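Reader: I'd like to go through this model with you, piece by piece. Can we start with the rings and work outwards?

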Amino acid sequence: MIHNLADVKSKNIGEGTTIWQFCVILPQAIIGKNCNICAGVFIENDVELGNNVTVKSGVQIWDGVRVKDDVFIGPNVTFTNDLIPRSKVYPKNF
């Protein structure tokens, strides 16, 4: 079931998967069977979700993320694809 207020461009959605309102799923994303994608989730192109995955509201999943079967992703989680994240650098006299 795909809610009529979701923007799902991918054709790679497994049987029995539910996608709720205000989700955006880009065309090349792969989502397994019997998943539950809750409201307000963003899934980029180069993402693969296994079977029986639950993604709670407000989650962002960016390119390069692979999620195995039977995984629960809690609310407002953001996966990043920056392998070398940088923190802000402050002047020495600050």
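**Rings, sheets and cysteines**

Author: Sure. This is a predicted model, and a search of the whole structure finds 1 aromatic pair.

Reader: Which residues form the aromatic pair, and what is the angle between the planes?

Author: The partners are Phe 42 and Trp 62, with 5.0 Å centre to centre. Planes under 30 degrees apart would count as stacked and those over 60 as edge-to-face. This pair falls into neither class and is called tilted, with the planes at 45 degrees.

Reader: How many residues apart in sequence are the parts that the pair ties together?

Author: Phe 42 sits in strand 6 (residues 42–43). Trp 62 belongs to the loop between strand 9 (60–61) and strand 10. The pair therefore ties together parts whose separation in sequence is 20 residues.

Reader: Are Phe 42 and Trp 62 buried, partly exposed or exposed?

Author: Phe 42 has 22% relative accessibility, and Trp 62 has 27%. Buried would need under 20% and exposed over 50%. So Phe 42 counts as partly exposed, and Trp 62 is likewise partly exposed.

Reader: On to the sheets. What is the strand order in the open sheet of 3 strands, and which strands stand at its edges?

Author: The order is 4-7-10, with parallel pairing. Each edge strand has a single partner strand, so one side of each is left without a neighbour in the sheet. Those edges are strand 4 (30–31) and strand 10 (66–67).

Reader: Which residue in strand 10 stands opposite Leu 49?

Author: Strand 7 covers residues 48–49 and pairs with strand 10 in the parallel sense, over 2 bridges. Opposite Leu 49, in strand 10, stands Val 67.

Reader: Which residues touch the most other members of the largest nonpolar core?

Author: That core has 19 residues. Leu 49 is one of those touching the most other members. Setting aside neighbours within four places in sequence, its contacts include Ile 30, Gly 32 and Val 67. The full group touching the most other members is Ile 37, Val 41, Ile 43, Leu 49, Val 55 and Ile 61.

Reader: And the open sheet of 4 strands: which are its edge strands?

Author: Here the order is 2-5-8-11, and the pairing is again parallel. An edge strand pairs on one side only, and that applies to strand 2 and strand 11.

Reader: What is the bridge partner of Asn 36 in strand 8?

Author: Strand 5 (residues 36–37) runs parallel to strand 8, and 2 bridges join them. Strand 8 spans residues 54–55. The partner of Asn 36 there is Thr 54.

Reader: What is the C-alpha separation between Thr 54 and Asp 70?

Author: Thr 54 is partly exposed at 22% relative accessible area. Asp 70 is in the loop between strand 10 and strand 11 (72–73). Along the chain these two are 16 residues apart, while their C-alpha atoms are separated by 7.8 Å.

Reader: Which non-glycine residues have a positive phi?

Author: One sits in the loop between strand 7 and strand 8: Asn 52, with phi of about 60 degrees. Another has phi near 65 degrees and counts as exposed at 59% relative accessibility. The names to note are Asn 52 and Asp 70.

Reader: Is Thr 17 buried or exposed, and which backbone oxygen does its side chain reach?

Author: Thr 17 lies in the loop between strand 1 (7–8) and strand 2 (18–19). Its relative accessible area is 3%, so Thr 17 is buried. Among the residues it touches, beyond those up to four places away in sequence, are Met 1, Ile 31 and Cys 35. At 3.2 Å, its side chain reaches the backbone oxygen of Gly 14.

Reader: Last topic. How many disulfides are found in the whole structure?

Author: The cut-off for a disulfide is cysteine sulfur atoms within 2.5 Å. The search finds 0. Cys 23 is in no disulfide, and the nearest cysteine sulfur is 7.8 Å away, in Cys 38.

Reader: Why is Cys 35 without a bond to the closest cysteine sulfur?

Author: Cys 35 is buried, at 2% relative accessible area. The closest cysteine sulfur is that of Cys 38, and the distance is too far for a bond: 11 Å.

Terms used
Residues numbered from 1 in each chain as written. Predicted model: local features only at pLDDT ≥ 70, side-chain atom pairs only at ≥ 80, totals over all residues. Heavy atoms only, no water. Pairing = 2+ DSSP bridges. Buried < 20%, exposed > 50% of the residue type's maximum accessible area, 1.4 Å probe, protein only. Core = buried A, V, L, I, M, F, W, Y, C linked by side-chain atoms within 4.5 Å. Contact = heavy atoms within 4.5 Å. Phe/Tyr/Trp six-rings, centres within 6.5 Å; stacked < 30°, edge-to-face > 60°. Polar contact = N/O pair within 3.5 Å; in protein donor to acceptor, adjacent residues only side chain to side chain.
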